[in-house]
Amino acid sequence: MKLGIFGFGVVGQGLYHVLQQSNSIQAEIEKFCIKDITKPRSLDKALFTDDKNELLHNDKIDVIVELIDDAEAAFEIVKEAMNRGKHVVSANKKMIAEHLEELLELQRKNKVSLLYEGSCCASIPIIRNLEEYYDNDLMTSLEGIFNGSTNFILTKMINESASYENVLKEAQDLGFAESDPTLDVEGIDARYKLCILLYHAFGLITNPDELFTLGITKINTFDIEFAQKNNYEIKLIARGKKVGDFIDATVLPTFVHQSSILAQTKNEYNAVILESAFSESQFLYGKGAGDKPTGSAVLSDISALGYGYRYEYKKASRTNNFALHEDFEMKVYVRFKDQHPNESDFIEVVEKYSGPDGNYWIGYVSRQKMKDAKWLEIPDLNVIALG
Ligand SMILES: NC(=O)c1ccc[n+]([C@@H]2O[C@H](COP(=O)([O-])OP(=O)(O)OC[C@H]3O[C@@H](n4cnc5c(N)ncnc54)[C@H](OP(=O)(O)O)[C@@H]3O)[C@@H](O)[C@H]2O)c1
């Protein structure tokens, strides 16, 4: 295989590194395309260009590897590569989640393969497992920690009392955070991954904006003390669950008991728990961010192209058209200062606490009410899901 690689940042360099150390793959790098040709690089200048057509129009290149941090530019690159009959490997969850239907059509029309294992939970081989291992078993739910940076931040805030700002900076310096970290901390990155996995698990295509999502930016020391007193960790949990003919899917900061398997998933590690009818509960665990872990997932896709692998998306053709549903009841902790949430939005409030440092209510609320609630926007009000 001759590879044309877009991007030489965290993941591009990680891929270069793992390719150099893996002697089983018959793949050669023809060229890298990057954005800024004047930046100093660790490799020979002749290997770089800023002209995308040098890769896309090069007939010697049969595989385009897309590892850039601009989803719109990435979609144009991937579209043109596939229309030119090239196979593509990408780690760009935003691009894939936002253009899934068009990408499916481009694969069908051009009879090429698009593989993107690195886009979901980096080193965890979740997509190929959903495609192959869970091919015949009836999936009932998938849930887990899908974002390495937020898990790193929450681990350090809860276990080491680190400040949010300092630990976000550390996650960025270590290459775990997205170029735009709001995608991580607002839960949007995890939502893109959930969107992709819902298609491979249940055949459900959904617009990422439809998935109810809350981030971790409003978590404060009051919430952390509540977690510590009650033997909880706080984790950003993405979840998709089959309920009748519907899928209940959310990304929410969640109190998980310290004894639970997800609470043991710390720092930049990710985890996925899969439930299915016959194999029952299974747990996948691995590094969810970083240069070499993500590079290794990309390498595994390149290797799979070597034996003609493509996703067959079997669930989509087999399932009975699941739809997303919002009318589910959820148990939440709502912490606030002066302005409280609207009590009539709750099905039931089961606990109320009031103290000098803050107040909280614990209660049951319908998801739809929650989605529409204006009080969610109160700056010093925070919501965390409870088990
Ligand atoms: N970092 C992780 O842990 C991780 C994990 C899983 C998935 N991902 C995904 O992998 C992708 C890359 O992430 P990253 O962390 O490696 O980003 P990054 O370190 O910011 O690097 C981005 C690279 O893309 C290049 N680039 C940007 N726009 C371009 C364009 N229009 N044409 C050509 N090159 C362009 C940049 O060029 P210059 O070098 O000239 O600036 C840079 O080399 C993203 O989609 C991200 O979501 C990242």
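A residue counts as buried when its relative accessible area is under 20%. A190 has a relative accessible area of 3%, so A190 is buried. The structure is a predicted model. This briefing covers its domains, its ligand, and a handful of residues in helices, a strand and loops.

**Domains**

- The domain assignment of the protein gives two entries: domain 1 spans 2–123, and domain 2 spans 329–386.
- Between the C-alpha centres of domain 1 and domain 2 the distance is 44 Å.

**Ligand surroundings**

- The ligand is surrounded by 25 residues. The closest are V11, D36, K39, R41 and G290.
- Sorted by class, this shell holds 10 nonpolar, 8 polar and 7 charged residues.
- Three side chains can be named for polar approaches to the ligand. In D69, a side-chain N or O atom is 3.3 Å from a ligand oxygen.
- For K93, a polar side-chain atom sits 3.4 Å from an oxygen atom of the ligand.
- For N92, the distance from a side-chain N or O atom to a ligand oxygen is 3.5 Å.
- On its own, the ligand would expose 910 Å². The protein buries 87% of that area.

**A190 in helix α10**

- A190 belongs to helix α10, which covers residues 188–202.
- Setting aside residues up to four places away in sequence, A190 touches F146, N147, L236 and V251.
- N129 is 61 residues from A190 in sequence. In space, their C-alpha atoms are 19 Å apart.

**S149 in helix α7**

- S149 is part of helix α7.
- S149 has 1% relative accessibility, and the limit for buried is under 20%, so S149 is buried.
- A polar atom of the S149 side chain lies 3.0 Å from the backbone oxygen of F176.
- F176 also appears among the contacts of S149 beyond four places in sequence. The others are A171, A177 and D184.

**N110 in helix α5**

- N110 is in helix α5, residues 100–110.
- Beyond its neighbours within four places in sequence, N110 is in contact with M82 and N83.
- With M82 there is a polar approach: the M82 backbone oxygen is 3.4 Å from a polar atom of the N110 side chain.

**I273 in strand β11**

- I273 sits in strand β11, residues 269–276.
- The relative accessible area of I273 is 11%, so I273 counts as buried.
- Apart from residues up to four places away in sequence, I273 touches S141, L142, E143, I261, L262, S281, Q282 and F283.
- I145 and I273 are 128 residues apart in sequence. Their C-alpha atoms are 9.1 Å apart in space.

**Two loop residues with positive phi**

- Most residues other than glycine have a negative phi.
- S161 is not a glycine, yet its phi is positive, about 50°.
- Y313 is not a glycine either, and its phi is also positive, about 50°.
- S161 is in the loop between α7 (148–160) and α8 (164–173).
- Y313 is in the loop between α12 (291–306) and α13 (314–318).
- Are these two residues buried or exposed? S161 is exposed, at 62% relative accessible area. Y313 is buried, at 12% relative accessibility.
- The cut-offs explain both labels: exposed means over 50% and buried means under 20%.
- S161 and K266 are 105 residues apart along the chain. Their C-alpha atoms are separated by 14 Å.

**A373, a buried loop residue**

- A373 lies in the loop between α14 (367–372) and β17 (382–386).
- With 6% relative accessibility, A373 falls under the 20% limit and so counts as buried.
- How far apart are A373 and H87 in space, C-alpha to C-alpha? The distance is 45 Å. In sequence, A373 and H87 are 286 residues apart.

Key: Residues are numbered from 1 along each chain as its sequence is written. This is a predicted model: local features need pLDDT of at least 70, side-chain atom pairs count only at pLDDT 80 or more; totals for chains, interfaces and linings use all residues. Side-chain values use heavy atoms; hydrogens and water are left out. Domain bounds come from an automatic or database domain assignment. Helices (H or I, at least four residues) and strands (E, at least two) are DSSP runs, numbered from the N terminus. Buried means under 20% relative accessible area, exposed over 50%, partly exposed in between (1.4 Å probe, protein chains only). A residue is near a molecule or strand if one of its heavy atoms lies within 4 Å of it. A polar contact is a pair of N or O atoms within 3.5 Å; within protein, one must be able to donate a hydrogen and the other to accept it, and residues adjacent in sequence count only if both atoms are side-chain atoms. Accessible areas come from the Shrake-Rupley method with a 1.4 Å probe; for residues, only the protein chains shown count as cover. Ala, Val, Leu, Ile, Met, Phe, Trp, Tyr, Cys and Pro count as nonpolar, Asp, Glu, Lys and Arg as charged, and the others, Gly among them, as polar. Contact means heavy atoms within 4.5 Å.
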